[in-house]
Amino acid sequence: SLRSMATQHHHHHHPDNAPRRPVDVLLQPIHRFLGIQAVAGGLLLACPVVALAVANSTLAAKYAAFWHTPLSIGVGTAAISMSLEHFVNDGLMAIFFFVIGLEIKREVMVGELASVSRAMGPAIAAVGGMVVPALLYLSIAGSMGGAAVTRGWAIPTATDIAFAVGIMAMLGHRVPLGLRIFVTALAIVDDLLAVIVIGVFYTSDISFVALGGAAAALAVSFAANRLGVRSPLFYLLIGIGVWAMLLRSGVHATIGGVLLALTIPASIRLDPPRFIACARSAIDRYASHASGPNVMVHQDAQAAIRSLEQSCEQAQAPLVRLEHALHPWVAYAIMPIFALANAGVTLTSEFTETMGTGVGYGVATGLALGKPVGILCAMALGIKLGICRLPDGVSRAQLAGGACLAGVGFTMSLFIATLSFDAPAVLLLAKVGVLSGSLVSGIAGTCILVWAARGRGAAIE
């Protein structure tokens with residue numbers, strides 16, 4: 001499944017029989033490094049540690065000033081100006097959400113969410129894993145801090161796919177495939193619900209003119225898909241327009257990423273038999289002209305290569321090509337940068353006194369306790385009613401471990417926290433709640449999965 005945090009091994013850069021270039025010797029270890037599933041998870045884990053260390057050192061003021069650097073993009077009066085932190089949260093995260101949208105569309109068309117019977121388990125689990133943490137948060141924060149803090153109810157409802165899948169990748173063969181697929185599908189449904197929540201509950205005053213413009217641009221993108229436009233550049237330009245208009249409209253700009261992704265073509269122009277036929281004829285044409293040394297000059301040989309290129313492009317869905325191209329950028333750049341910008345929390349003396357508003361406790365408890373309880377109760381209910389069943393080859397203990405990993409809310413929870421609270425003091429509490437709740441969930445899930453694998457190993461022997 002995507003976001004298995006790895007870009008597939010990079011052997012496609014230099015086939016084994018191609019002559020090696022000097023640069024390949026330098027690039028090979030890098031490609032091998034980026035091909036390891038756990039690397040992106042590890043990188044993402046390191047970023048909050050770095051951010052926390054810097055924010056609590058003598059560099060704290062410089063750290064804050066750096067992320068508040070004003071930036072402006074645009075031409076003349078049509079410029080968009082905001083701080084670097086806002087560009088990360090509203091701009092880079094739109095690309096992150098675009099990849100999530102591609103993932104949702106692919107899963108719904110051909111993946112785990114394609115049939116109702118297979119989608120029921122992850123879907124029920126995701127709903128339970130949103131409702132229980134929200135209720136827990138409201139009861140804890142509401143009783144301690146009153147109405148002002150209830151806006152944060154959605155913070156502990158989010159799952160961070162990258163982290164959850166990254167941890168499972170680190171555990172390797174101890175995690176059965178069925179559980180990986182289940183947790184990934186659950187996290188994808190969770191993200192879809194989170195996007196709906198952001199759209200409905202975290203949207204300020206709406207400018208209907210800008211919203212209409214964005215809707216028109218999306219309609220153009222959808223029409224282009226139906227007409228057979230397959231150029232990524234075309235969709236990129238539309239995407240920039242949608243993003244800029246949503247930024248003006250008051251609806252959160254990242255939602256444009258998901259909506260745009262749903263309009264990206266997922267069809268192939270050439271089915272396998274036709275692709276094989278076209279490719280064979282192109283290769284035969286090339287072979288007939290490529291006997292001599294002057295292939296470079298021969299026009300027919302060049303035309304054959306071009307037609308082979310075209311066949312390759314038409315045999316792949318643009319959706320899959322875009323997902324494959326953007327995935328390393330999201331895993332190795334966008335998410336780590338987001339973590340660096342948002343996880344730096346300066347812990348001061350008055351901080352411990354204000355933990356009493358319940359925001360920090362509410363978020364941490366919602367993630368570490370509410371998530372697994374909600375997921376497991378929803379699954380138990382679904383199994384009892386006969387709507388869904390345990391994933392194949394997954395024991396109850398392993399499901400519990402996976403449910404704990406879903407409590408790692410990191411990037412998504414921090415993102416919703418930035419939308420929930422304007423007051424820096426309350427936002428600080430929410431962030432500490434996210435970091436501590438995610439840490440507890442990650443450790444608990446890892447321990448349970450290791451223990452469950454050991455028990456099963458003994459049983460097999």
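**View 1. The largest pocket of the predicted model has a volume of about 960 Å³.** This is a predicted model. The lining of the largest pocket is made of 36 residues. Which residues lie nearest its centre? They are Glu85, His86, Asn89, Thr418 and Leu427. Five helices give two or more residues each to this lining: α3 (60-67), α4 (84-110), α9 (232-249), α17 (410-420) and α18 (424-460). By residue type, the lining of the largest pocket divides into 19 nonpolar, 12 polar and five charged residues.

**View 2. The second largest pocket has a volume of about 740 Å³.** Its lining counts 30 residues. Closest to the centre are Ile95, Leu236, Gly239, Ile240 and Trp243. At least two lining residues come from each of α4, α9, α10 (254-262) and α13 (318-342). Which element supplies the largest share of this lining? That is α9, with 11 residues. The lining of the second largest pocket holds 24 nonpolar residues, five polar ones and one charged one. Helix α4 also gives two or more residues to the lining of the largest pocket, as does α9.

**View 3. Helix α15 bends at Gly370.** The helix covers residues 359-385. How many degrees is the bend at Gly370? It is about 40°. A proline, Pro372, follows within four residues of the bend. After α15 comes Gly386. The phi of Gly386 is positive, near 75°.

**View 4. Pro372 is a buried residue of helix α15.** Why does Pro372 count as buried? Its relative accessible area is 9%, and buried means under 20%. Leaving aside residues up to four places away in sequence, Pro372 touches Leu367, Ala403 and Cys404. Leu399 lies 27 residues from Pro372 in sequence. In space, the two are 9.4 Å apart, C-alpha to C-alpha.

**View 5. Asp160 sits in a loop between two helices.** The helix before the loop is α5 (116-145), and the helix after it is α6 (161-171). Is Asp160 buried or exposed? Asp160 is buried, because its relative accessible area is 1%. Which residues does Asp160 touch, not counting those up to four places away in sequence? They are Met335, Val408, Gly409, Phe410, Thr411 and Met412. Met335 falls within the residue range of α13 (318-342).

**View 6. Cys47 and Cys388 are two buried cysteines.** The relative accessible area of Cys47 is 7%. For Cys388, the value is 10%. How many disulfides does the structure hold? It holds zero.

**View 7. The whole chain has 18 helices and two strands.** The protein chain is 461 residues long, and 47% of them count as buried. Asp160 and Pro372 are among the buried residues. Take the contacts between residues at least 6 apart in sequence. Of these, 81% join residues at least 24 apart.

How values were computed:
Residues are numbered from 1 along each chain as its sequence is written. This is a predicted model: local features need pLDDT of at least 70, side-chain atom pairs count only at pLDDT 80 or more; totals for chains, interfaces and linings use all residues. Side-chain values use heavy atoms; hydrogens and water are left out. On a 1 Å grid over the protein atoms alone, a cavity is a set of points where a 1.4 Å probe fits but cannot get out, and a pocket is an open set with protein on both sides within 12 Å along at least five of seven lines; lining residues have an atom within 4 Å of a point. Grid points are joined across faces, edges and corners, and a volume is the space filled by probe spheres set on the points. Ala, Val, Leu, Ile, Met, Phe, Trp, Tyr, Cys and Pro count as nonpolar, Asp, Glu, Lys and Arg as charged, and the others, Gly among them, as polar. A disulfide is a pair of cysteine sulfur atoms within 2.5 Å. Buried means under 20% relative accessible area, exposed over 50%, partly exposed in between (1.4 Å probe, protein chains only). The bend at a residue is the angle between axes fitted to the seven residues ending there and the seven starting there. Contact means heavy atoms within 4.5 Å.
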